Amino acid sequence: MEKTGDWLIKSLGRLLLISVICMVDNPGIAQTVAIPTGSFIVNMGITPQTVGNGLKPYGLVYDLIQNKKVTVWWVIRASKSKDGVDFSHNAVNYSGGTFVIPAEFRTPAVNASIAAWQAQGVRGDNSTSVINVSDAIIYYLNYVPNWTLDKDNGAIAASYFENAGISADAYNGVDPADWKYPNQ
């Protein structure tokens with residue numbers, strides 16, 4: 001049986017996961033993906049889930065894309081079962097839709113951001129060799145959206161963003177009756 005805290009963190013994570021889908025550019029097809037040596041791998045499959053290891057990774061991804069112009073990889077094994085492993089490296093199983101910061105983007109500023117997010121609970125490791133992930137779908141996350149939240153009920157979602165460490169300038173609130181499709 002799941003603890004209430006685990007359920008809440010997973011629910012919050014799912015909301016942010018849906019938000020991450022909005023950031024996807026060039027979704028891939030199942031293929032073999034080579035993760036370069038020196039890449040940072042965010043471990044999204046830690047149990048039990050906490051705000052630090054379950055939500056802060058989304059803040060890290062947001063920060064790196066928005067502020068450091070990093071392309072973050074989202075690597076998911078296409079054939080895995082529910083809660084299955086995306087890939088393993090150095091006796092660690094990575095699951096939950098693994099984020100990868102490729103070695104080519106590992107500047108001192110990016111490494112400082114990663115360290116700051118690790119201090120807040122993000123869990124991950126550096127790859128020590130090339131990791132070939134077969135049957136993987138890779139998404140390249142290149143931009144972040146500006147989210148619009150329901151003005152009356154958006155505080156629920158806003159708390160997820162706050163817990164993830166995503167600043168309030170990443171979203172706005174609109175009364176649903178006033179919302180219009182772009183170009184209307």
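Mentor: A salt bridge is a side-chain nitrogen of Lys or Arg within 4 Å of a carboxyl oxygen of Asp or Glu. We shall apply this to the chain above, bearing in mind that it is a predicted model.

Trainee: How many salt bridges does the structure hold?

Mentor: There are two salt bridges. In one, the side chains of D86 and K80 meet, with an N to O distance of 2.8 Å. In the other, K82 is joined to D83, and their closest N and O atoms are likewise 2.8 Å apart.

Trainee: Are D86 and K80 buried or exposed?

Mentor: The cut-off for buried is under 20% relative accessible area, and for exposed over 50%. D86 has 0% relative accessibility and therefore counts as buried. K80, with a relative accessible area of 24%, is partly exposed. In the second salt bridge, K82 and D83 are both exposed.

Trainee: How should one read the strand pairing of β5 and β6?

Mentor: One reads the sense of the pairing, then the individual bridges, then the turn. Strand β5 covers residues 85–89 and strand β6 residues 92–95; they pair in the antiparallel sense over four bridges. As an example of a bridge, F87 has Y94 of β6 as its partner. The two strands form a hairpin with two residues between them.

Trainee: What is the backbone conformation in that turn?

Mentor: N90, in the turn, has a positive phi of about 50°. A91 lies in the loop between β5 and β6, and its phi is also positive, near 65°, although the residue is not glycine. With 84% relative accessibility, A91 counts as exposed.

Trainee: Where else is there a positive phi in a residue other than glycine?

Mentor: D135 is such a residue, with phi near 55°. D135 belongs to strand β9, residues 131–141, and is partly exposed, its relative accessible area being 27%. For a glycine, consider G165, which follows α4 and has a positive phi near 90°.

Trainee: Which residues does a cis peptide bond join?

Mentor: The cis peptide bond joins T47 and P48, and omega there is about 0°. P48 is placed in the loop between β3 (40–42) and α2 (51–68).

Trainee: Turning to the helices, which residues of α3 are buried?

Mentor: They are V110, S113, I114 and W117. To read such a list, one looks down the helix axis. For α3 the buried residues fall within an arc of 100°, so they line one face of the helix. These residues pack against β3, α2, β7 and α4.

Trainee: Which residues are buried in α4?

Mentor: In α4, residues 154–164, the buried set is G154, A157, A158, Y160, F161 and A164. Viewed down the axis of α4, this set falls within an arc of 150°, so the buried residues line one face of the helix. A155, I156 and E162, on the other side of α4, are exposed.

Trainee: Which residues of the largest nonpolar core touch the most other members?

Mentor: This core has 32 residues, and those that touch the most other members are V42, L60, L64, V72, F99, I101 and L141. Two or more residues each come from β3, α2, β4 (72–77), β7 (98–101), α3 (108–118), β9, β10 (147–150) and α4. The largest share, seven residues, is that of α2.

Trainee: What does L64 touch?

Mentor: Leaving aside residues up to four places away in sequence, L64 touches K69, V70, V72, I101, V110, S113 and I114. A second, separate core has twelve residues, among them V33, V100, V133 and A136.

Trainee: How many helices and strands does the chain have?

Mentor: The chain has four helices and eleven strands. Of its 184 residues, 43% count as buried. The accessible surface comes to about 9600 Å², and carbon and sulfur atoms account for 53% of that area.

Trainee: What share of the contacts joins residues at least 24 apart?

Mentor: One begins with contacts between residues at least 6 apart in sequence; of these, 83% join residues at least 24 apart.

Conventions:
Residues numbered from 1 in each chain as written. Predicted model: local features only at pLDDT ≥ 70, side-chain atom pairs only at ≥ 80, totals over all residues. Heavy atoms only, no water. Pairing = 2+ DSSP bridges. Buried < 20%, exposed > 50% of the residue type's maximum accessible area, 1.4 Å probe, protein only. Contact = heavy atoms within 4.5 Å. Areas by Shrake-Rupley, 256 points an atom, 1.4 Å probe, with all protein chains shown as cover. Arc of directions from axis to C-beta. Core = buried A, V, L, I, M, F, W, Y, C linked by side-chain atoms within 4.5 Å.
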